[in-house]
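Biologist: I have a new model open and would like some help reading it. Could you walk me through a few features?
Modeller: Gladly! Let us bring it up and begin.

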Amino acid sequence: MKKFQFLEHTADIKFRAFGKTLSDLYKNNALALFEVFYDKNVKGKENYNINVKGKDYESLLYNFLEEFLFLFDSKNFLPSKIISFKLDEKKLKITAEVSGDQIKNYNVNTHVKAVTYNEMFIKKQRSSWISQVVLDI
Amino acid sequence: MIKEKLKKIEENVYELPKEENMLVPGRIFFSKKMIETIEEDSLKQVQNVAKLPGILKYSIGLPDMHVGYGFPIGGVAAFDLDQGVITPGGVGYDIDCSVRLLKTNLKKEDITKDNEKIAKALFKKIPSGLGKGSRFNISRQELKKVLEKGVNYIIEKGYGKKEDLLYLEEGGCIPGAEASKVSSKAIKRGIGQLGTLGSGNHFLEVGYVEEIYNKEVASVFGLEKNQVTILIHCGSRGLGHQIASDYIKLMEEEYGFKNLPDRELINAPIKSRLGRDYYSAMAAAANFAFVNKQIITHWIREEMKELFPEKKDLEIKVVYEVCHNIAKFEKYNIDGKEKTVCVHRKGATRSLGPGRIEIPEAYRAVGQPVLIPGTMGTASYVLVGTKKAEELTFGSTVHGAGRVMSRSSALRNIRGEKIKKDLKNKGIEIEAGSWKSFSEESPNAYKDIDEVVKVVDELGISKKVAKLIPLVVIKG
């Protein structure tokens with residue numbers, strides 16, 4: 001199963017992510033975002049913990065992805081791998097640990113300004129999940 | 001197809017009739033040629049904006065309109081202060097993404113042989129800030145002063161001259177900004193980014209005045225043929241992005257989004273606590289953006305002095321700075337009565353005509369300078385605001401060319417190395433953070449700036465004053 005796929009968008013970046021489970025779906029969204037930042041190998045020199053909550057599936061996704069933009073800007077952190085990941089579907093909570101490196105060691109592709117709700121969806125199709133996100137860049 | 005519903009009112013003006021829950025019609029300012037390629041989704045967004053409470057007259061799409069989030073980019077709407085709303089979706093994530101124009105007493109001939117040297121030196125001096133931070137260090141306390149006092153504060157710290165203040169929109173500080181309305185997360189994202197360009201469509205350009213269309217106004221702005229100019233295009237960086245996102249969340253919590261045509265159009269009544277808080281935080285982000293350009297201006301002055309030591313009387317002065325993504329309280333004539341309204345400009349430039357109190361005294365008799373950056377390697381324009389804009393578009397005009405090609409298709413179809421070579425052949429030296437940012441921002445990915453400017457000039461919502469041609473481009 002494909003993890004994510006980029007789609008055409010005139011001004012910004014749009015992608016779909018896929019997952020057998022909701023948990024995989026959120027993880028694959030993060031991986032798509034990492035690829036937007038930088039599409040080559042990044043060393044795992046630093047780790048950060050992420051704890052986010054949402055009011056619904058979409059806001060949880062928005063808040064989860066936004067956390068990486070925050071770390072990018074405030075800690076100069078380029079994420080590359082998800083070390084651990086736990087989704088609490090009932091409480092709409094994600095606890096994760098990601099590894100990566102300082103941005104200055106790489107010629108990064110893109111600075112993402114924001115995650116948006118534009119055209120965002122998360123839905124179940126037959127037995128798997130699919131989502132769509134547009135990033136403002 | 002929404003496009004089929006467009007009714008031509010006159011040359012370059014189309015109406016999108018009121019339907020469903022639209023409170024006012026849409027008004028699209030496109031040429032016949034441009035209507036052929038208008039994006040359906042951007043028209044849908046014009047319709048959605050027309051559904052927001054308290055919207056006045058019509059929901060506007062300017063000639064550089066393309067799909068945004070919530071509002072289209074190139075979208076303008078004004079709201080009644082009592083019935084109306086304020087929405088982060090009408091301002092954008094890059095709050096006060098804006099443009100500043102500097103003029104010099106250098107001539108094109110003085111610098112053409114040094115293009116490459118200038119490009120390299122400025123690229124080194126002005127950081128993109130992409131994960132590398134800024135050379136400009138500031139404490140949290142000082143940052144709060146930047147947010148509330150704007151450019152004045154940083155000039156007191158030695159970054160520029162008092163007279164710079166005279167030539168900035170809002171005098172370089174939007175009143176009502178409150179640092180306490182900015183989250184600690186936003187502060188953390190922005191604190192290391194003052195004095196950085198950022199990436200995307202942001203750039204710094206050294207160019208020259210190739211053509212003057214209106215001698216009288218050009219001389220009021222202090223522009224003449226062959227004069228070297230410098231354009232700075234950047235915004236409020238991570239601080240502004242986080243403020244937008246924070247208030248989208250707060251407004252969702254307070255008001256819910258179930259009845260909205262688009263979740264990105266979440267809003268709060270202008271006079272509500274949350275509406276006022278958002279305005280104060282937005283104004284703080286705008287002040288950050290003003291200061292950001294002031295620091296960059298200071299560094300440009302330092303670097304140019306070093307590059308041209310023989311030019312003892314070198315002067316670099318501010319022509320003007322305009323906001324592109326902002327909500328403002330301004331007075332307009334609505335149905336025969338003067339009324340203060342809240343104008344949202346999302347990817348649009350204020351274009352006030354002669355006499356308006358908001359315009360710097362030196363320019364007040366002719367109208368405000370309107371700065372329209374082209375894309376990497378194409379012309380930029382200086383126009384002047386008009387009374388016609390105050391009548392037709394709540395004192396607004398276009399902000400740039402507007403994208404037509406997606407970033408991914410630009411990447412597939414245009415090679416960065418080739419663009420650099422082509423531009424060099426045209427006499428334009430360019431330095432960028434990566435090949436990728438070259439390709440994504442290729443001139444071919446945008447509408448023809450000349451056509452966009454021609455339409456606004458014909459419409460009279462801003463009039464051409466001068467055309468600037470780039471010689472050196474620095475991209476994040």
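Biologist: Which residue in E7(A) is the bridge partner of Lys123(A)?
Modeller: In this predicted model, Lys123(A) is bridged to Ile130(A) of E7(A). That pair belongs to a wider pattern. Strand E7 of chain A, residues 128-136, pairs with E6(A) over 8 bridges, in the antiparallel sense.

Biologist: What is the order of the strands in the open sheet of chain A?
Modeller: Reading across, the 4 strands of this open sheet run E1-E2-E7-E6, and their pairing is antiparallel. At the edges stand E1 (4-7) and E6 (114-125) of chain A; each has a single partner strand, so one side of each lacks a neighbour in the sheet. From one strand to the next, the twist averages 15°.

Biologist: Which strands of chain A does helix H1 lie across?
Modeller: Helix H1 of chain A, residues 22-37, lies across E1, E2 (13-19), E6 and E7 of that chain. Relative to E2(A), H1(A) runs at about 145°.

Biologist: Now the empty space, please. How many cavities of 30 Å³ or more does a search of the whole structure find?
Modeller: The general idea is that rolling a water-sized probe over the atoms shows where empty space is left. Here the search finds 4 cavities of 30 Å³ or more. Take the second largest, with about 40 Å³ of space.

Biologist: Which residues line the second largest cavity?
Modeller: Chain A supplies His111(A) and Lys113(A), while Asp94(B), Ser199(B), Gly200(B), His202(B), Arg237(B) and His241(B) come from chain B. By class, this lining has 5 polar residues, 3 charged and no nonpolar.

Technical notes: Residues numbered from 1 in each chain as written. Chains lettered and ligands numbered in written order. Predicted model: local features only at pLDDT ≥ 70, side-chain atom pairs only at ≥ 80, totals over all residues. Heavy atoms only, no water. Pairing = 2+ DSSP bridges. Helix = DSSP H or I, 4+ residues; strand = E, 2+ residues; numbered from the N terminus. Axes fitted to C-alpha atoms, helices over the stretch in contact; angles between N-to-C directions. Contact = heavy atoms within 4.5 Å. 1 Å grid on protein atoms, 1.4 Å probe; cavity = no way out; pocket = protein on both sides within 12 Å on 5 of 7 lines; lining within 4 Å. Points joined across faces, edges and corners; volume = space filled by probe spheres on them. Nonpolar A, V, L, I, M, F, W, Y, C, P; charged D, E, K, R; others polar.
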